Amino acid sequence: MSENIYVLGIESSCDDTAAAVLCNNLVLSNVVAGQKVHEAYGGVVPELASRAHQQNIVPVVDAALKQAGISKSDLNAVAFTQGPGLLGSLLVGASFAKGLAKGMGIPAIGINHMQGHILAHFIDDANHQSPTFPFLALTISGGHTQIVRVDNYFDMTILGETIDDAIGEAFDKSGKLLHLGYPAGPEIDKRAKLGNAKAFSFPKPKVDGLNFSFSGLKTAILYFLQKETQTNPDFIDQHLNDICASIQYTIVEIVMDKLIKATKLTGINHVAIGGGVSANSGIREAVRSGENKYGWTTYIPKFEYTTDNAAMIGIAGQLKLKSGISGSNNLHVSARLKF
Ligand code: KG4
Ligand code: ZN
């Protein structure tokens, strides 16, 4: 029997304060405190985010330990998000994690947030099969849009990423133009199901290789709405579901074009998706349809492990410990951490 290793994961890169406890690859607790304070601003306000992290971090970690049924003296290591993310937010989680680890005499392990999203696929889950190497990871959220080639747990190569807005921003900024609440992604998804995706057409960006661009789409939607509301001030209200369906259709097409290109270029047909936008029903359906259409094997983790969470940081910590590389990096936070 192998030994039980307990890792506390801490995630604070953006606007969620999260802590999780893993015993080996099994999640014992996964606690997330969101920050409602940003809703009024239509986007995350960095200064408010770090302040809220400071308020949340102690109760969130406490709840994670309690729900896991362990005390901090049982921990073997503390894994935390080193970057990329908002500097002030990262600092709160990192300082707490390093202080706790030092106090307990156990290692602190720095984790790249983007690698965490990908490694969430290796959390033990009876309903989810882990991908086999090599695979392609599509990480799509409010802060990121990446296609990554994954050859091993910590052997990853970014094949393409956004050159401007993240895909979640494309949803959220379009939603703002439609006077929807923040974040607008889930509402656009809901309305898209009720609308006609071919009602309006929006241009797809021309970006070389496997990179993405979403800022042009937002501008195109802005001009389209300005033009239509000039002649009909009620245009948005009258056509909201069709507009949402057409926007979502365009975004799904943009993603699928690149994903198909990536599988062709690499010859890899194992496709794993993650990040908050992977909740989108259009994207899920399109990626899954690749199984029949292109012979892909697709992997979609449980929703709570796909939005920002600390279980993904905990599993990355466990895998780093097992790979013997947990002490090999410096532990400074970096807003633009690369891997
Ligand atoms: O991963 P996440 O919780 O946080 C980070 O940004 O890292 O992702 C949040 C993003 C937001 O932009 C939100 O609008 C989007 O995910 N989102 C969705 C859906 N659910 C969440 N976008 C489209 N359709 C959805 N169903
Ligand atoms: Zn994220």
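Author: Helices and strands here are DSSP runs, numbered from the N terminus; a helix has at least four residues and a strand at least two. With that in hand, Pro134 can be placed in the loop between α3 and β6. The model is predicted.

Reader: What makes the peptide bond of Phe133 and Pro134 worth a look?

Author: The bond is cis, with omega at about -10 degrees. Most peptide bonds are trans.

Reader: Which other bond is cis, from Gly83 to which residue?

Author: The bond runs from Gly83 to Pro84, with omega near -5 degrees. Pro84 sits in the loop between β4 (77-83) and α2.

Reader: What marks Asn24 out?

Author: The phi of Asn24 is positive, about 50 degrees, and Asn24 is not a glycine. Most residues other than glycine have a negative phi. Asn24 belongs to the loop between β2 (17-23) and β3 (26-33).

Reader: What is the phi of His179, and where does His179 lie?

Author: His179 has a phi near 60 degrees, again positive in a residue other than glycine. His179 is part of the loop between α4 and α5.

Reader: Is His179 buried or exposed, and how do you know?

Author: Exposed means over 50% relative accessible area. His179 has 64%, so His179 is exposed.

Reader: How do you know which residues coordinate the zinc ion (ligand 2)?

Author: A donor must lie within 2.8 Å of the metal here. The NE2 atoms of His113, His117 and His144 and an OD atom of Asp308 are at 2.1 to 2.4 Å. Those distances are within the cut-off, so these four residues count as the donors.

Reader: Why is the arrangement around the zinc ion (ligand 2) called irregular?

Author: Four donors count as tetrahedral only if all angles lie between 85 and 135 degrees. Around the zinc ion (ligand 2) the angles run from 92 to 162 degrees. The upper value breaks the tetrahedral limit, and the arrangement is classed as irregular. The ideal angle for four tetrahedral donors is 109.5 degrees.

Reader: How are the donor residues of the zinc ion (ligand 2) spaced in sequence?

Author: The pattern is H-x3-H-x26-H-x163-D. His113 lies in helix α3 (residues 113-119), while His144 is in the loop between β6 (135-140) and β7 (145-152), so the pair ties together parts 31 residues apart in sequence. His113 and His144 are both buried.

Reader: Which residues come nearest to ligand 1?

Author: Gly142, Asp172, Asp189, Gly276 and Asp308, out of 18 residues around ligand 1. By class, that shell holds 5 nonpolar, 10 polar and 3 charged residues.

Reader: What makes the pair of Asp189 and ligand 1 a polar contact?

Author: A polar contact is a pair of N or O atoms within 3.5 Å. A side-chain N or O atom of Asp189 is 2.9 Å from a nitrogen atom of ligand 1, so the pair qualifies. Backbone atoms take part too: Gly143 has an N or O atom 3.3 Å from an oxygen atom of ligand 1, and a polar backbone atom of Gly168 is 3.4 Å from an oxygen atom of ligand 1. Taken alone, ligand 1 exposes 550 Å², and the protein buries 87% of that. Elements giving two or more residues to the shell are α4 (167-177) and α5 (185-192).

Reader: Why does Asp165 count as buried?

Author: Buried means under 20% relative accessible area. Asp165 has 9%, so Asp165 is buried. Asp165 is in the loop between β8 and α4. The side chain of Asp165 makes a polar contact with that of Lys173, at 3.2 Å.

Reader: What does the side chain of Thr162 reach?

Author: It reaches the backbone oxygen of Asp165, at 2.5 Å. A polar atom of the Thr162 side chain is also 3.2 Å from the backbone nitrogen of Asp164. Thr162 is in the loop between β8 (155-161) and α4.

Reader: Why does Leu100 count as buried?

Author: Leu100 has 12% relative accessibility, under the 20% limit, so Leu100 is buried. Leu100 belongs to helix α2 (residues 87-104).

Reader: Why is Ala335 called partly exposed?

Author: The class runs between 20% and 50%. Ala335 has 34%, so the label fits. Ala335 is in the segment after α9 (311-323). The C-alpha atoms of Ala335 and Gly83 are separated by 5.4 Å, with their places 252 residues apart along the chain.

Definitions and conventions:
Residues numbered from 1 in each chain as written. Chains lettered and ligands numbered in written order. Predicted model: local features only at pLDDT ≥ 70, side-chain atom pairs only at ≥ 80, totals over all residues. Heavy atoms only, no water. Donors = N, O, S within 2.8 Å, 3.2 Å for Na, K, Ca; no water. Tetrahedral: all angles 85-135°; square planar, octahedral: opposite > 155°, others 65-115°. Buried < 20%, exposed > 50% of the residue type's maximum accessible area, 1.4 Å probe, protein only. Near = heavy atom within 4 Å. Polar contact = N/O pair within 3.5 Å; in protein donor to acceptor, adjacent residues only side chain to side chain. Areas by Shrake-Rupley, 256 points an atom, 1.4 Å probe, with all protein chains shown as cover. Nonpolar A, V, L, I, M, F, W, Y, C, P; charged D, E, K, R; others polar.
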